[in-house]
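Hi,

Here is the structure I promised to pass on. My notes on the ligand and on some helix packing follow below it.

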Amino acid sequence: MTDTLTDSAPIAAADIASTQYVVTQERKIRTAIPGPISAALHERRRAVVSDGVSSMLPVYIAKANGAIVVDVDGNQFIDLGAGIGVTTIGHTEASVVAAAVEQSQDFIHTLFTVTPYEEYVRVAELLAEHTPGDFAKKSVLINSGAEAVENGVKIARKYTGRRAVAVLDHAYHGRTVLTMAMNYKAMPYATGYGPLASDVYHAPSSYPYHDGLTGAEAAVRTITYLDKVIGASDLACLVVEPIQGEGGFMVPADGYLPALQKWCTANGVVMIADEIQSGMARSGKYFASEHFGWIPDLVLTAKGIAGGFPLAAVTGRAEIMDASQPGGLGGTFGGNPVSCAAAIAVFDAIEANNLLGEAVRIGKSLTTGLTALKNKYDIIGEIRGHGAMMAIELVQPGTGDTTKTPNAAAVSAISTYAGQHGVLLLTAGTYGNVLRFLPSLALSDSLIIDALSVIDDAIAAHAAALTAALTASSH
Ligand code: PLZ
């Protein structure tokens, strides 16, 4: 049983907060989850933090390093979520910390649009170098993923002089007033927050597990929608996540994305890759678009780009990026110097530590372990993803090859069990029936094995509870 790792020795809050506390790369459960100090903090929070802001697991974090986060009660969790794909190179990676400290001592803010600095320029150079496509590229830096999406749309509209924005079914693009209209799911992102932005269209996507279409067939379906419902001459941009994140890590069929790009190019439509979740080395390539031979016109980055500091970018073809009038793009904190210094350290670490290779290793180890689980439990319908962006879609027992009926209850039970036993496991999916593995690239194979053993126990416990409930109801 996994609880052999339970370390019941209590530890004082001051010890965890101390600089002497060493975050070892291991799972350790010392208290009930949440522990008493987290529970007290949660009470304080309830008085002053909006109920509109939820937390998946209300353990309050004191420290983090590599692939481990430590809560205020001294419980150590294997982090399979990396703050939803942000601390991709690992928590508190030494070179990122050093770069941020050094930059903070030099200067913290000037505002690039008032008086510029080299770090912003360097990040733009690195993005031009590493995003797909061998052509002149330029960037604008902003603060968040949603802001990158907003700017991508502005830039595409300015360049094309057209109004309409197309996205795909199951997409997620943010929580701002424009982006909430671009998400597939109304609840919880848009419900009650309308009216929604106009001129946003949702086209059918490629979801091979469910639609059974080849890339070419799915592309015809998408293009037919764009052509008939919007009309190319009114369409400014098509925004696509190469691997859909919140929607459930759907990997499109081969050929789908290049076919859409070809149509966009032929019709003067700007095709934008939302690489906010999938980008920055996570998938085993710098950008997930590369897995599909897709060279987008614009690429959106955020999350993993600065090791946890807020930074985002729109990068792409120079002629599109330059269509905006001077002063048309910007924002007070966009391209903050400390975030930029951290981003430069992230790019350096990806090269110096062969993090593309580490992402491939993690993908292989996860696939091996998840395949063993799939052979054992018939609620695992599909394993999919690339590198450190993998997921399993859970279905009702035995429907994996037939109706593929979503099993959100199992996802919720398994992620809750995992949290209780020291594994932070994110859920996803339009139907809430996907468990996603989005760890940092610092996650060792031994931590993968340990985390998957907890998930194995979690699935077994869920199956046992169901059997018990069925037995009870049949008497
Ligand atoms: N595009 C593909 O994944 C953010 C959402 C977390 P922001 N996804 C995590 C939450 O519940 O708010 C995301 C994404 C893709 C855009 C965004 C938006 O990025 O930095 O959260 O604005």
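I call a pair of N or O atoms within 3.5 Å a polar contact. On that basis, an oxygen atom of the ligand is 2.8 Å from an N or O atom in the side chain of Gln277. For your set-up: this is a predicted model, where local features need pLDDT of at least 70 and side-chain atom pairs count only at pLDDT 80 or more, while totals for chains, interfaces and linings use all residues. Residues are numbered from 1 along each chain as its sequence is written, and side-chain values use heavy atoms, with hydrogens and water left out.

Back at the ligand, 14 residues surround it (a heavy atom within 4 Å). Gly145, Ala146, Arg175, Asp274 and Gln277 are the closest. Nitrogen atoms of the ligand also have partners: a backbone N or O atom of Tyr172 lies 3.4 Å from one, and a polar side-chain atom of Glu246 lies 3.4 Å from a nitrogen as well.

Now the helices (DSSP runs of H or I, at least four residues, numbered from the N terminus). The axes, lines fitted to C-alpha atoms over the stretch in contact, give angles from 0 to 180 degrees between N-to-C directions. Helix α13 (residues 355-376) and helix α15 (residues 445-473) have axes that come within 10 Å and cross at roughly 25 degrees, so they are roughly parallel (under 35 degrees). Helix α14 (residues 408-420) packs on α15 at about 130 degrees, with the axes 9 Å apart; this pair is therefore oblique (outside the ranges under 35, 65 to 115 and over 145 degrees).

Best wishes

Conventions
Helices (H or I, at least four residues) and strands (E, at least two) are DSSP runs, numbered from the N terminus. A polar contact is a pair of N or O atoms within 3.5 Å; within protein, one must be able to donate a hydrogen and the other to accept it, and residues adjacent in sequence count only if both atoms are side-chain atoms.
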